Amino acid sequence: MILAQLAPAADAVRLSLHVLAATVWVGGQLTVVGLVPTARQLGEDAPRRIARAFSRLSWPAYAVLLVTGVWNVAAVDRGQGSAWQAVLGAKITVVLLAGLGAWLHGRARSRLGLAVWGAVAGGASVVALVMGVVLAG
Ligand code: HEM
């Protein structure tokens with residue numbers, strides 16, 4: 001009885017944490033890209049230092065997304081249809097691709113490497129966000 005009363009509050013905490021982490025991971029990447037031209041004017045090293053500072057926020061947010069993502073599946077995966085399951089499987093693949101892209105972006109030294117892996121990370125992150133909205137229905 002009391003558990004049933006607490007369920008909506010737990011759902012609010014779960015989804016709020018998941019969406020808050022998504023704002024940092026996805027929105028942060030888009031924002032940093034937008035700041036790069038201005039950062040370049042502040043010094044050659046400024047974009048790299050800003051990217052490094054962002055990674056201290058983005059990786060904890062990514063970890064929160066993984067943990068609350070598993071929590072989401074445990075909370076809502078009760079007899080969902082095969083289309084929902086397929087979107088979930090594709091989303092998990094895209095999330096891992098986003099993490100791999102971001103990790104390789106952080107290690108890249110050439111302009112091409114930075115551009116390619118940054119695009120992979122940002123693109124896959126936006127796709128993961130859209131798939132999350134589809135899953136939530
Ligand atoms: C880059 C990582 C991720 C992003 C940007 C992301 C984003 C989102 C967003 C925006 C929502 C919609 C929330 C709403 O409209 O209320 C959502 C829902 C959801 N996400 Fe994620 N997510 C990520 C990772 C994960 C992972 C790793 C999993 C599974 C292990 C997962 C499973 C789910 C599920 C099942 C829902 C539906 C929750 C519900 O209906 O209550 N997500 N996600």
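Which residues are buried in α3? In this predicted model, the buried residues of α3 are Leu88, Val95, Ala98, Gly99, Gly101, Ala102 and His105. The views below begin with the whole chain and then turn to its helices, to single residues and to the ligand.

**View A. Overall fold of the chain.** The chain contains 4 helices and 0 strands, arranged along the sequence as α-α-α-α. Its C-alpha trace extends over about 60 × 30 × 20 Å along the principal axes. The chain has 137 residues, and 18% of these are buried. Taking contacts between residues at least 6 apart in sequence, 70% join residues at least 24 apart.

**View B. Helix α3 and its buried residues.** From α3, the buried residues pack against α2 and α4. Leu88 and His105 are among these buried residues, as are Gly99 and Gly101. The helix has 26 residues, which at 1.5 Å a residue should span 38 Å; the end C-alpha atoms are 38 Å apart, so the two values agree.

**View C. Leucine 88.** Leucine 88 belongs to helix α3. This residue counts as buried because 20 C-beta neighbours lie inside 10 Å, and 20 is the number at which a residue is called buried. Apart from residues up to four places away in sequence, leucine 88 touches Val73 and Leu135. Aspartate 77 is 11 residues away along the chain, and its C-alpha atom is separated from that of leucine 88 by 9.9 Å.

**View D. Leucine 97.** Leucine 97 is also shown in helix α3. With 17 other C-beta atoms within 10 Å, leucine 97 is partly exposed, because the count falls between the limits of 12 for exposed and 20 for buried. Outside its neighbours within four places in sequence, leucine 97 is in contact with Val120 and Ala124. Of these two partners, Ala124 is listed among the buried residues of α4. Arginine 14 is 83 residues from leucine 97 along the chain, and the C-alpha atoms of the pair are separated by 23 Å.

**View E. Helix α2 and its bend.** At serine 55, α2 bends by about 30 degrees. The 31 residues of this helix should span 45 Å at 1.5 Å a residue, and the end C-alpha atoms are 43 Å apart, which agrees. Buried positions in α2 are Ser58, Tyr62, Leu65, Thr68, Gly69 and Asn72.

**View F. Helix α4 and the residue that follows.** In α4, the buried residues are Gly118, Ala121, Ala124, Ser125, Ala128 and Gly132. An α-helix has 3.6 residues a turn, so residues three or four places apart point the same way. The expected span of the 26 residues of α4 is 38 Å at 1.5 Å a residue; the end C-alpha atoms are 37 Å apart, so this agrees. Glycine 137, just after α4, has a positive phi of about 75 degrees.

**View G. Valine 133.** Valine 133 is part of helix α4. Is this residue buried or exposed? Valine 133 counts as exposed because 10 C-beta neighbours lie inside 10 Å, and the limit for an exposed residue is 12 or fewer. Valine 19 lies 114 residues away along the chain, yet the C-alpha atoms of valine 133 and valine 19 are separated by 10.0 Å.

**View H. Surroundings of the ligand.** There are 25 residues around the ligand, and Ala22, Gly69, Asn72, Gly132 and Ala136 come nearest. At least two residues of the shell are supplied by each of α1 (2-42), α2 (46-76), α3 (82-107) and α4 (111-136). By type, the shell consists of 19 nonpolar, 5 polar and 1 charged residues. Gly69 and Asn72 are buried in α2, and Gly132 is buried in α4.

Technical notes
Residues are numbered from 1 along each chain as its sequence is written. This is a predicted model: local features need pLDDT of at least 70, side-chain atom pairs count only at pLDDT 80 or more; totals for chains, interfaces and linings use all residues. A residue is near a molecule or strand if its C-beta atom, placed from the backbone, lies within 6 Å of it. Ala, Val, Leu, Ile, Met, Phe, Trp, Tyr, Cys and Pro count as nonpolar, Asp, Glu, Lys and Arg as charged, and the others, Gly among them, as polar. Two residues are in contact if their C-beta atoms, placed from the backbone, lie within 7 Å. The expected span of a helix is 1.5 Å times one less than its number of residues. The bend at a residue is the angle between axes fitted to the seven residues ending there and the seven starting there.
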